[in-house]
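Hi,

Here is the structure I said I'd pass on. Have a look at it first, and then read on for what turned up.

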Amino acid sequence: MGEFKVHRVRFFNYVPSGIRCVAYNNQSNRLAVSRTDGTVEVYNLSANYFQEKFFPGHESRATEALCWAEGQRLFSAGLNGEIMEYDLQALNIKYAVDVFGGPIWSMAVSPSGSQLLVGCEDGSVKLFQITPDKIQFERNFDRQKSRILSLSWHPSGTHIAAGSIDYISVFDVKSGSAIHKMIVDRQHMGVSKRKCIVWGVAFLSDGTVISVDSAGKVQFWDSATGTLVKSHLIANADVQSIAVAEQEDSFVVGTAEGTVFHFQLVPVTSNSSEKQWVRTKPFQHHTHDVRTVAHSPTALISGGTDTHLVIRPLMEKVEVKNYDAALRKITFPHRRLISCSKKRQLLLFQFAHHLELWRLGSTVATGKNGDTLPLSKNADHLLHLKTKGPENIICSCISPCGSWIAYSTVSRFFLYRLNYEHDNISLKRVSKMPPFLRCALQILFSEDSTKLFVASNQGALHIVQLSGGSFKHLHAFQPQSGTVEAMCLLAVSSDGNWLAASGTSAGVHVYNVKQLKLHCTVPAYNFPVTAMAIAPNTNNLVIAHSDQQVFEYSIPDKQYTDWSRTVQKQGFHHLWLQRDTPITHISFHPKRPMHILLHDAYMFCIIDKSLPLPNDKTLLYNPFPPTNESDVVRRRTAHAFKISKIYKVKHLVLLFWIVGSFVISKCNKLHNWKIRAPSVSMQRTWIVGNKSPF
């Protein structure tokens, strides 16, 4: 493999936001996740749990509830008192409606998917009709004395249960009147608490209402008589969330102690038709409060303050050992947060409300394979660029020459010109940006830094010419008529002639930048694209999908390459396909056109196309044979995949090639729900040869 340097960058102090609520869509097998900074993410559980969409956060949006409605429509509500609907194609907010009830604490969609119910700070329960284009207020239910913290519909749609402080109300939907008020017990461990908060309720088909509260109890109520049937004390702290399986044979609850409990409906005796609820399985995958849970047909899903999204499979429900059989912890986003200036050896780090520009450290020392070399010059923190306003940053990029920085929020696009004088750096903003660049979902510079490619939230791809300190709009590739598909990934060739764009529907379009026209469309595939890049010498487009398949497509020939056809004929190693984290970045060795470099959150891999593919009987994670073997033996036993997993305890964010070296940027392992980044002096430069770490 040759010898090269590896820069291990460990000062990217990125802290994900905690998870506030989740909503599972059984029809599309998708999961919506809301974080405490207002960000909403959508995961495709059928596509290896890939985060295929996200909506940036906002300081004034504290989302308290998410739900899916009929027609795959996603709604959220929060403490700003508004209901919002999301456009899942354009990846923006369609509209926001003020409910005029103060902060919204809870929301639930009717079993038919045509009505929306919200619980407010002022004790009101409001019913909305979901129309094709918007939502329309229908009526108020009887107002209660305290805020409505939880809601649940009866599967028939005729009644609802509402959890509040110290009591649970049962409403008749037709009249809007409260027909029962069930007072919860304030006793906790023999001590009477001042208040008992009903954090969650679930209404079952047989009329049973299940509640979870701040006294650490799971209680079962008869909604017909308004009486308590059974009570389980399961925690010394709040039980904060509940979710019931669609078949109503099990449910899951999450506690403030970080524990998730699973309850199942089982027969009283082996031959009895009578059934009872039994707590069967406790799980401790969180360190702090479990604020929200969901129940899919095959897994229990939980999230909370420690930022982890945990998917724990129900092994009795999983028929085949595949993606669904693996325990997953998803913490970091599946999108790019770092960009690089190769010429000046700069890294641009993206955070929610600011950007950081760093210069890599360097070393003049030498050593043998695996040695750690001391830094002769530490990394420099050159710039801290803070955004104005409450909106989170969507995307950002630094040009390869290091002279331009661009980033975008939901409402504004920013372009800066950087000037370097010795150790000083100056920044000048380019003013009067055109209105069509108001919001960008993806930004990319050409290799020579003369062009800027911008993917807008309206589906258009803009090409901007950069010259000196000014810019000129050259062209816009418009989406096909009748479609507004957001482009989530961009890749440009090193010669600047080709631009590839991937949208939310997993399609990839390739444009001719010189002739300003669509060149071709890569054949559609069932799984979304997670990463793509264009090889510098061949202009072959390498595409990675969420099911771990990797394709190579010749842009000049408009067809898959021979190597890609061989891969699809033979197939990848089963261990490669069973990996549960998506490939997030692809790059190339400039002097070795047969090598493809790619990585996910826990490993990086070099695929040598000149070597044979490993079969299922071959060890996939197999290093090269000992150096004392002959070259003939080494070539005969080697295969195309060289994988390093030495970063499995960290979160690998980015890997790229820069001036004869690999740069590997990582986030440290989460500890006590905070990410602790080491000091700048802890950056290390490694010499890595053909044995280690491959």
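The lining of the second largest cavity is a mix by class: six nonpolar, two polar and one charged residues. The residues in question are Val252, Val260, Phe283, His285, Leu300, Ile301, Ser302, Val310 and Arg312. Two elements, β29 (299-304) and β30 (309-313), each give two or more residues to that lining. Of these, β29 gives the most, with three residues. The space inside comes to about 50 Å³.

Before I go further, please keep in mind that this is a predicted model, so everything here is computed from it.

How many cavities of 30 Å³ or more are there? The count is four. The largest cavity holds about 60 Å³ of space. It has 11 lining residues, and those nearest its centre are Val508, Val522, Pro523, Ile543 and His545. By class, that lining has nine nonpolar and two polar residues, with no charged ones. If you want to compare the two linings yourself, remember that the second largest cavity does have one charged residue.

Now for the chain as a whole. There are 694 residues in the protein chain, and 58% of them are buried. The secondary structure is made up of 61 strands and three helices. As for contacts, take those between residues at least 6 apart in sequence: 50% of them join residues at least 24 apart. The chain exposes about 28,800 Å², and carbon and sulfur atoms supply 50% of that area.

Next, the cysteines. How many disulfides does the count come to? Zero. In case it helps, a disulfide is a covalent bond between the sulfur atoms of two cysteines. Cys397 is in no disulfide: the nearest cysteine sulfur belongs to Cys395 and is 8.8 Å away. A disulfide needs the two sulfur atoms within 2.5 Å. Is Cys397 buried or exposed? Its relative accessibility is 3%, so Cys397 counts as buried. Cys120 counts as buried too, because its relative accessibility is 0%.

Right beside Cys397 in the numbering you'll find Ser396, which sits in strand β37 (residues 395-398). Ser396 has a relative accessibility of 5%, so it counts as buried; the cut-off for buried is under 20%. Which residues does Ser396 touch, leaving aside its neighbours within four places in sequence? The contacts are Arg336, Ser339, Leu348, Gln350, Leu355, Ala406, Tyr407 and Ile443. One of them, Ile443, is worth a look on screen: it is 47 residues from Ser396 along the chain, with 6.3 Å between the two C-alpha atoms.

The last residue to look up is Asp166. Where does Asp166 lie? It is in the loop between β15 (159-163) and β16 (167-172). Although Asp166 is in a loop, it counts as buried because its relative accessible area is 13%. Again leaving aside neighbours within four places in sequence, Asp166 is in contact with Met182, Ile183, Val184, Arg186, Lys195 and Cys196.

That's the tour. Over to you!

Cheers

Note on methods. Residues are numbered from 1 along each chain as its sequence is written. This is a predicted model: local features need pLDDT of at least 70, side-chain atom pairs count only at pLDDT 80 or more; totals for chains, interfaces and linings use all residues. Side-chain values use heavy atoms; hydrogens and water are left out. Helices (H or I, at least four residues) and strands (E, at least two) are DSSP runs, numbered from the N terminus. Buried means under 20% relative accessible area, exposed over 50%, partly exposed in between (1.4 Å probe, protein chains only). Contact means heavy atoms within 4.5 Å. Accessible areas come from the Shrake-Rupley method with a 1.4 Å probe; for residues, only the protein chains shown count as cover. On a 1 Å grid over the protein atoms alone, a cavity is a set of points where a 1.4 Å probe fits but cannot get out, and a pocket is an open set with protein on both sides within 12 Å along at least five of seven lines; lining residues have an atom within 4 Å of a point. Grid points are joined across faces, edges and corners, and a volume is the space filled by probe spheres set on the points. Ala, Val, Leu, Ile, Met, Phe, Trp, Tyr, Cys and Pro count as nonpolar, Asp, Glu, Lys and Arg as charged, and the others, Gly among them, as polar.
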